[in-house]
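Visitor: I have a protein model on the screen and would like to be walked through it. Where should we begin?

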Amino acid sequence: MLPGSLRAILDCAAHPADARQSAIVYCEGNFARIDGKTANGLVRSSERYRILSVIDSTLAGEDAGIALGEAAAGIPLVADLTAALAATDNLPDVLIFGLAPLSGLMSEADRAVVLAAVAAGISVVSGLHEFLADDPEISAAARVAGVMLHDIRRPRPTKHLRMFDGAIGGVDCVRIAILGTDGAIGKRTTSTLLTQALNDAGIHTVMVGTGQTGLMQGAAYGVALDAIPAQFGVGELEGAVLAAYEGERPDVIVIEGQGALSHPAYLSSTVVLRASRPQAVIMQHAPARRMLSDYPEVRMPSPLSEIKLIELFGKTTVIGLAINHEDMTEAEVTAAIARYKVELGLPATDALWHDPSALVAMVTAAFPALQARQPLAMA
C-alpha cells in the first residue's frame, strides 16, 4: 500500500496554488495493467498535471488509487470522455493519451476519442511513436479548434541532436541508474521514489527521465530515448545528465532505466549505461513474472544473470534490488527480500509497499560520504 504521506509528498511537489494543468487521462481497457503504465504513473505522481479522472470503462466507478492496489487517490475512473467532462465544472486543459502499447500506435477507437477531445476544445498530450501533429486529420481538427497537440516523444531536429563527446567524465557526483530485468517493471516508479526519498533525507538529488511518462510527470531533465536515432541516443542522454549536473550541482543523479540489458528487443539499457556511466545500479525485478511482458514466449532472466550482465557491460556495481510485487502477497515479498539477501548478498525492498528509507540505505551504504550530507536527525 502506498503510504498516504508519500502520496501527499509526490502529488504536492506541485506548487502551493497548484499551477498544474488539469488533465483527463485516456486508458481504455488497460488501467492498472502493463500497457496502462503511463496512466498508472500519472495517477501515482505528477508535478505537471492535476489528474481529474481516468477513462477506462472496464473499471468505471472505482478510485484510481484503489484500482492500483494502493491508497485512494481521489481520482475517479470513468466510462468515457462524456462522463469525464460531466464530472468536472471546467473544461480540462488537456487529454493525456495514457496507453503505452508495444506498437506505439493508436487504434481507430483511440483516434475517435482524441478527435472528440479536440472537437471539445481540449489540447492533447501523447507519448506515442506516431505523432499527432503529423496526422492530417487530427492536426487539421486541432487548427480548427484552436488547441495544441503535444508529442512528447518527438526528438529535436536531427541537426540539433548531440553526439557523445565524453563530457560525462566531468560530472562529479554520484550517478545511479535504475535498471531492470524486463520492460514495464517499475523502473520509473522506483526512480521517482528514490529521488524524493534522497531529497527528504537531505541528499540533493535530481532525476533524469528517459521515457515519455517520466517527462509527462514533470522530469526537468531527460529525453525519450526510444524515439532518438541510434547514432545520437548516447550523446542526447549524456547531454541530459550533463544539464542536470550543471543546472543543479546535485549530490546524486538518478537515471531512469528502460527495457532490460538482456532483453531481445529493447536496446535502451545499453544507452543508459554508456551515456550516464553510473557508479551504481539498483535493479528492478518482479519475482512472480515468469515470461517477458511483451514477449510471452521468452523466459524472464534470473536476477543473478542480469546482475552479472549489467556489471560486465556497464563496468558498474549493482547495490540493491527493488521488487515489483505483481501477483505476490506481502508474505511472498518478505520471503523474496530474505532470499535475495542470502542468494545475492544484496539488500532488497518493495519501493511501493515498504518505506522508501530502505532505498536511501542502499545508496548511503554504497556511498558512505553521502551520509555527511544528511541532517543529524536523519543520519
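**Overall build**

Guide: We can begin with a count: the protein chain has 13 helices and 13 strands. This is a predicted model.

Visitor: How compact is the protein chain for 379 residues, and what is its radius of gyration?

Guide: The globule rule gives 21 Å for 379 residues. The computed value is close to that, so the chain is as compact as a globular protein of that length. The radius of gyration is 20 Å.

Visitor: What percentage of the residues count as buried?

Guide: To count as buried, a residue must have under 20% relative accessible area. Of the 379 residues in the protein chain, the share that meets this is 55%.

**Sheet and helix**

Visitor: In what order do the 6 strands of the open sheet lie?

Guide: The edge strands each pair on one side only, and they are β3 (77–78) and β6 (149–151). Strand β2 (residues 49–55) is joined to β3 by 2 bridges, and the two run parallel. The pairing in the sheet is parallel, and the order is β3-β2-β1-β4-β5-β6.

Visitor: Which residue in β3 does Ile55 stand opposite?

Guide: Ile55 falls within β2, which covers residues 49–55. Its opposite residue in β3 is Val78.

Visitor: At about what angle does α5 run to β4?

Guide: Helix α5 lies across β1 (21–26), β4 (94–97), β5 (123–126) and β6. Its angle to β4 is about 165 degrees.

**Nonpolar cores**

Visitor: Which helix gives the largest share of the largest nonpolar core?

Guide: That core has 42 residues, and those with the most contacts inside it include Phe31, Tyr49, Ile51 and Leu95. The largest share is 5 residues, and it comes from residues 108–119, which form helix α5.

Visitor: How many residues are in the other core, the one with Ile253?

Guide: In soluble globular proteins, nonpolar side chains tend to be buried together. Here a further core lies apart from the largest one, and among its residues are Ile253, Ala275, Ile310 and Met328. Its size is 41 residues.

**A loop residue**

Visitor: Is Asp89 buried or exposed?

Guide: Asp89 is found in the loop between α4 (81–86) and β4. A residue counts as exposed when its relative accessible area is over 50%. Asp89 has 79%, so it is exposed.

Visitor: What distance separates the C-alpha atoms of Asp89 and Leu237?

Guide: Along the chain, Asp89 and Leu237 are 148 residues apart. In space, their C-alpha atoms are separated by 41 Å.

How values were computed:
Residues numbered from 1 in each chain as written. Predicted model: local features only at pLDDT ≥ 70, side-chain atom pairs only at ≥ 80, totals over all residues. Heavy atoms only, no water. Core = buried A, V, L, I, M, F, W, Y, C linked by side-chain atoms within 4.5 Å. Buried < 20%, exposed > 50% of the residue type's maximum accessible area, 1.4 Å probe, protein only. Helix = DSSP H or I, 4+ residues; strand = E, 2+ residues; numbered from the N terminus. Pairing = 2+ DSSP bridges. Contact = heavy atoms within 4.5 Å. Axes fitted to C-alpha atoms, helices over the stretch in contact; angles between N-to-C directions. Rg over C-alpha atoms; globule rule 2.2 N^0.38 Å.
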